[in-house]
There are 2 protein chains.
Amino acid sequence: MAKLLEKPILYGFWASTCTWRVRIALNLKEIPHEIKPVDLSKGAQHSEEYRKFNPMEQVPALVIDGATLVESMSILQYLEETRPQKPLLPKDALKRAKVREICEIVVAGIQPLQNLVVQDRLNEDQKKDWVKFWIERGFTAVEKLLSSSAGKFCVGDEITLADCVLVPQVSKGRDFKVDMEKFPRIERISKELVGHPAFVAAHPKNQPDFPTRTENKE
Amino acid sequence: MAKLLEKPILYGFWASTCTWRVRIALNLKEIPHEIKPVDLSKGAQHSEEYRKFNPMEQVPALVIDGATLVESMSILQYLEETRPQKPLLPKDALKRAKVREICEIVVAGIQPLQNLVVQDRLNEDQKKDWVKFWIERGFTAVEKLLSSSAGKFCVGDEITLADCVLVPQVSKGRDFKVDMEKFPRIERISKELVGHPAFVAAHPKNQPDFPTRTENKE
């Protein structure tokens, strides 16, 4: 049982939107945790030391309750199921489905396509508009869903996992010059959350590994 | 309440692995349902008729309990939460996390990259090994996870959502000449399931819209 009492450790990278999602949820749920940076820009995820407990060689990884968990949506839902305080999923099943729809559009429909490992396989000409294209395509879908699901936040008036996933993606959208005026609901919700203490603390620029001279890396 | 008693309708396409996942789960849970094909090869997802109840213009869409749900993982989890018979998620939270990890590697790590809409943006030279590359990358990760999670199936000895998601992806892997000998655990589990009645009934070739002369489309 000793292991269960240990503080969770989040292995991640300041610029990784997948890590960022988990940081927000840990903060919202007020789960005491440690953050250990893994420098993706130096390939630290492939080091022998890191592989020892995370053979998946990726971030985020959450060491919690005696296990190592990977994949951000899986981690988020594990936190929700084992730490139900400050819930991030609504009680109503249909509303939960709406939360997960929005998450999935970002997690499966946008993020995998903006990943550096994908960009590395494109030529310079393709790279130019690639990320912007996929973000705008995904945001178009999210914006439609929000027309019926949103209240103050993505689904109703309480912060949910959809908000944890959307906010980092909006930031990435700005990096890639996405015209946010085309997505007024996303823009409004993201502005609503940007000053929330849990979101502020999770922001890349407030991470211990945030470089003084930033380069956009993921 | 009348709407709640209506049979769910699954709008999908025979070759779509995302639709296929949902077909398997509906069969495993023995949920009576109707299947309505949407011919993606003819762009039927963009028709006015379809957009009326699914503005997302994609498949699968499940019309159920008076709502239209999209995004396969969201649909699968909604079915699990509202139709708990023949559960497809383990009771133990850590095991549930393992199920969702495997799902996420396929749903976010492989499928979005093999999608036709992505392939359409590549040149002929890139297309050749593109899909195979991403499937093998994802399967390498799944194979590692299975080394500690698998029993008879992906996680333990009961069929879970991970199996519903993995089996269609293995079939797609074969289409793209992935060498399955490199993934012996995936291969064993997929062979274990291929003859299961719920999986047989969900197979593309047993769908009403399966063409007599097949072309690989997704």
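Angles under 35 degrees between helix axes count as roughly parallel, over 145 as roughly antiparallel, 65 to 115 as roughly perpendicular, and the rest as oblique. Keep that rule at hand for the exercises below, which work through a predicted model.

**Exercise 1. Classify how α8(A) and α9(A) are oriented to each other, then describe their contact.**

Step 1. Start with the geometry. Helix α8 (residues 124-149) of chain A packs against helix α9 (residues 161-175) of chain A at an angle of about 140°, and the axes are 11 Å apart.

Step 2. Apply the rule. Angles over 145 would count as roughly antiparallel, and 65 to 115 as roughly perpendicular. The pair α8(A) and α9(A) is therefore oblique.

Step 3. Add the handedness: the crossing of α8(A) past α9(A) is left-handed.

Step 4. List who meets whom. From α8(A) come A:Ile135, A:Phe139 and A:Val142, and they meet A:Leu166, A:Gln169, A:Val170, A:Lys172 and A:Gly173 in α9(A). Sorted by class, this contact has 5 nonpolar, 2 polar and 1 charged residues.

**Exercise 2. Do the same for α2(B) and α9(B): which orientation and which handedness do they have?**

Step 1. In chain B, helix α2 (residues 17-28) and helix α9 (residues 161-175) pack at about 135°, with axes 8 Å apart.

Step 2. By the same reasoning, α2(B) and α9(B) are therefore oblique to each other.

Step 3. The crossing of α2(B) past α9(B) is right-handed. On the α2(B) side, the contact is made by B:Thr17, B:Trp20, B:Arg21, B:Ile24, B:Ala25 and B:Leu28, while α9(B) brings B:Cys164, B:Val165, B:Pro168, B:Ser171 and B:Lys172.

Step 4. In class terms, the residues of this contact divide into 7 nonpolar, 2 polar and 2 charged.

**Exercise 3. Find the places in the chain that the salt bridge of A:Lys29 with A:Glu80 links, and decide whether its two residues are buried or exposed.**

Step 1. The structure holds 29 salt bridges over all chains. In the one formed by A:Lys29 and A:Glu80, the closest N and O atoms are 2.9 Å apart.

Step 2. This pair links distant parts of the chain, 51 residues apart: A:Lys29 lies in the loop between α2 (17-28) and β2 (34-37) of chain A, and A:Glu80 lies in helix α4 (residues 72-82) of chain A.

Step 3. Buried means under 20% relative accessible area. A:Lys29 has 1% relative accessibility, so it counts as buried. A:Glu80 is buried too, because its relative accessible area is 10%.

**Exercise 4. Work out which elements the salt bridge of B:Glu81 and A:Arg96 joins.**

Step 1. The side chains of B:Glu81 and A:Arg96 meet at 2.9 Å, N to O.

Step 2. The pair crosses between chains, with B:Glu81 in helix α4 (residues 72-82) of chain B and A:Arg96 in helix α5 (residues 93-107) of chain A.

Step 3. B:Glu81 counts as partly exposed because its relative accessibility is 31%.

Step 4. For further practice, look up A:Arg51, A:Glu57 and B:Lys144, which are linked in a network of salt bridges.

**Exercise 5. Explain why B:Glu124 and B:Lys127 are separated by about one helical turn.**

Step 1. The side chains of B:Glu124 and B:Lys127 meet in a salt bridge at 3.3 Å, N to O.

Step 2. B:Glu124 and B:Lys127 are about one helical turn apart because they sit 3 residues apart in helix α8 (residues 124-149) of chain B.

Step 3. With a relative accessible area of 60%, B:Glu124 is exposed, whereas B:Lys127, at 25%, is partly exposed.

**Exercise 6. Decide whether B:Asn54, A:Thr160 and B:Lys52 are buried or exposed.**

Step 1. B:Asn54 is in the loop between α3 (48-53) and β3 (61-64) of chain B. Its relative accessible area is 1%, so B:Asn54 is buried. Beyond neighbours within four places in sequence, B:Asn54 is in contact with B:Ala61, B:Thr68 and B:Val70.

Step 2. A:Thr160 is in the loop between α8 and α9 of chain A. At 3% relative accessibility, A:Thr160 counts as buried. Leaving out residues up to four places away in sequence, A:Thr160 touches A:Leu88, A:Pro90, A:Val99 and A:Val155.

Step 3. B:Lys52 is in helix α3 of chain B. At 70% relative accessibility, B:Lys52 counts as exposed.

Definitions and conventions: Residues are numbered from 1 along each chain as its sequence is written. Chains are lettered from A and ligands numbered from 1 in the order in which they are written. This is a predicted model: local features need pLDDT of at least 70, side-chain atom pairs count only at pLDDT 80 or more; totals for chains, interfaces and linings use all residues. Side-chain values use heavy atoms; hydrogens and water are left out. Axes are lines fitted to C-alpha atoms, for helices over the stretch in contact, and angles run from 0 to 180 degrees between N-to-C directions. Helices (H or I, at least four residues) and strands (E, at least two) are DSSP runs, numbered from the N terminus. A crossing is left-handed if the near helix is turned anticlockwise from the far one by less than a right angle, and right-handed if clockwise. Contact means heavy atoms within 4.5 Å. Ala, Val, Leu, Ile, Met, Phe, Trp, Tyr, Cys and Pro count as nonpolar, Asp, Glu, Lys and Arg as charged, and the others, Gly among them, as polar. A salt bridge is a side-chain nitrogen of Lys or Arg within 4 Å of a carboxyl oxygen of Asp or Glu. Buried means under 20% relative accessible area, exposed over 50%, partly exposed in between (1.4 Å probe, protein chains only).
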